[in-house]
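Here is my note on the model you sent round. Please read it with the structure open.

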Amino acid sequence: MRFTFCPHCGEKLIRKEIGDEGLIPYCEHCKVPLWDLFTTCVICAVVTEDREIALLRQDYVSTTNYVCVAGVMKPGESAEEAAMREVSEELGLKVEALEYVRSYPFEQKEMLMLGFRARVQKADFQLSGEVDKAQWFPLVEAPEKLRQGGIAWRLVSEIARKEG
């Protein structure tokens with residue numbers, strides 16, 4: 001989100017030099033800089049001890065590629081809590097161990113995706129209404145099911161390389 005007007009008082013913002021940050025939207029009335037905002041999200045590679053990964057289809061995301069579990073962090077929620085909640089909500093699985101992998105800026109949608117590997121026991125899925133289909137795949141085959149170069153592909157490819 002890029003500010004044009006102050007969310008506190010409604011005044012039109014000016015561009016002001018703020019230290020080494022450069023020109024930043026600034027409210028002269030409130031005397032406050034307003035940095036651009038982005039949405040913080042989690043993305044999870046849901047993997048079993050047998051190196052199988054759960055990939056899902058969400059037609060509103062893609063009708064041709066699988067995706068990983070992902071979702072928006074809620075206010076007051078840690079990234080770890082969000083990751084475990086999303087795995088539970090979308091697949092009905094309980095996360096046994098969670099490992100942060102890396103962050104992925106998603107500039108087209110003004111998002112920051114925090115990538116995790118979520119360890120679970122293999123079980124039948126209990127899908128949420130936003131998931132059209134989910135399936136277990138061998139981890140080494142998973143990158144070919146994802147959009148090449150996308151964030152899910154990068155996350156899963158890195159985990160597949162590490163786990164051999």
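The points below go from the whole chain to single residues.

1. Status. This is a predicted model. Everything that follows is computed from it.

2. Overall dimensions. The radius of gyration is 19 Å, whereas a compact globule of 164 residues would have one near 15 Å. Along the principal axes, the C-alpha atoms fill a box of roughly 60 × 30 × 30 Å.

3. Secondary structure. There are two helices and nine strands. Read from the N terminus, the order is β-β-β-β-β-β-α-β-β-β-α. Six strands thus precede the helix that comes first in that order.

4. Burial and surface. Of the 164 residues, 43% count as buried. The protein exposes about 9,500 Å². Carbon and sulfur atoms supply 49% of that area.

5. Contacts in sequence terms. Take the contacts between residues at least 6 apart in sequence. Of these, 58% join residues at least 24 apart.

6. Charges. The count is 21 positive and 27 negative side chains. The centres of the two sets lie 3 Å apart.

7. The N-terminal sheet. Strands 1, 2 and 3 form an open sheet in the order 1-2-3, with antiparallel pairing. Its edges are strand 1 (14–17) and strand 3 (32–33), each pairing on one side only. Strand 2 (residues 23–27) pairs with strand 3 over two bridges. Within that pair, C27 stands opposite V32. As background, strands of a sheet pair through backbone hydrogen bonds, either parallel or antiparallel.

8. The hairpin of strands 7 and 8. Strand 7 (residues 97–106) and strand 8 (residues 111–119) are antiparallel and share nine bridges. L98 has A118 in strand 8 as its bridge partner. Four residues lie between the two strands.

9. E110. This residue sits in the loop between strand 7 and strand 8. Its phi is positive, about 50 degrees, although E110 is not a glycine. Is E110 buried or exposed, or partly exposed? Its relative accessibility is 29%, so E110 counts as partly exposed.

10. R51. Here is another positive phi in a residue other than glycine: R51 has a value near 60 degrees. R51 belongs to the loop between strand 4 (39–47) and strand 5. With a relative accessible area of 41%, R51 is partly exposed.

11. Q58. Which loop holds Q58? The one between strand 5 (52–57) and strand 6 (69–72). Q58 counts as buried because its relative accessibility is 4%, and the cut-off for buried is under 20%. Leaving aside neighbours within four places in sequence, Q58 is in contact with V67, E90, E130, V131 and D132. Please look at this site in the viewer, as the contact list includes E90, E130 and D132.

12. I159. This residue is in helix 2 (residues 151–163). I159 is buried, at 3% relative accessibility. Not counting residues up to four places away in sequence, I159 touches A45, V101, F116, R117 and L139. I159 and F116 are 43 residues apart in sequence, yet their C-alpha atoms are 9.5 Å apart in space. V101 falls in strand 7 (residues 97–106), and F116 and R117 fall in strand 8 (residues 111–119). Helix 2 therefore touches both strands of that hairpin through I159.

Note on methods. Residues numbered from 1 in each chain as written. Predicted model: local features only at pLDDT ≥ 70, side-chain atom pairs only at ≥ 80, totals over all residues. Heavy atoms only, no water. Pairing = 2+ DSSP bridges. Rg over C-alpha atoms; globule rule 2.2 N^0.38 Å. Buried < 20%, exposed > 50% of the residue type's maximum accessible area, 1.4 Å probe, protein only. Contact = heavy atoms within 4.5 Å. Areas by Shrake-Rupley, 256 points an atom, 1.4 Å probe, with all protein chains shown as cover. Lys, Arg positive; Asp, Glu negative; His and termini not counted. Charge placed at Lys NZ, Arg CZ, Asp CG, Glu CD.
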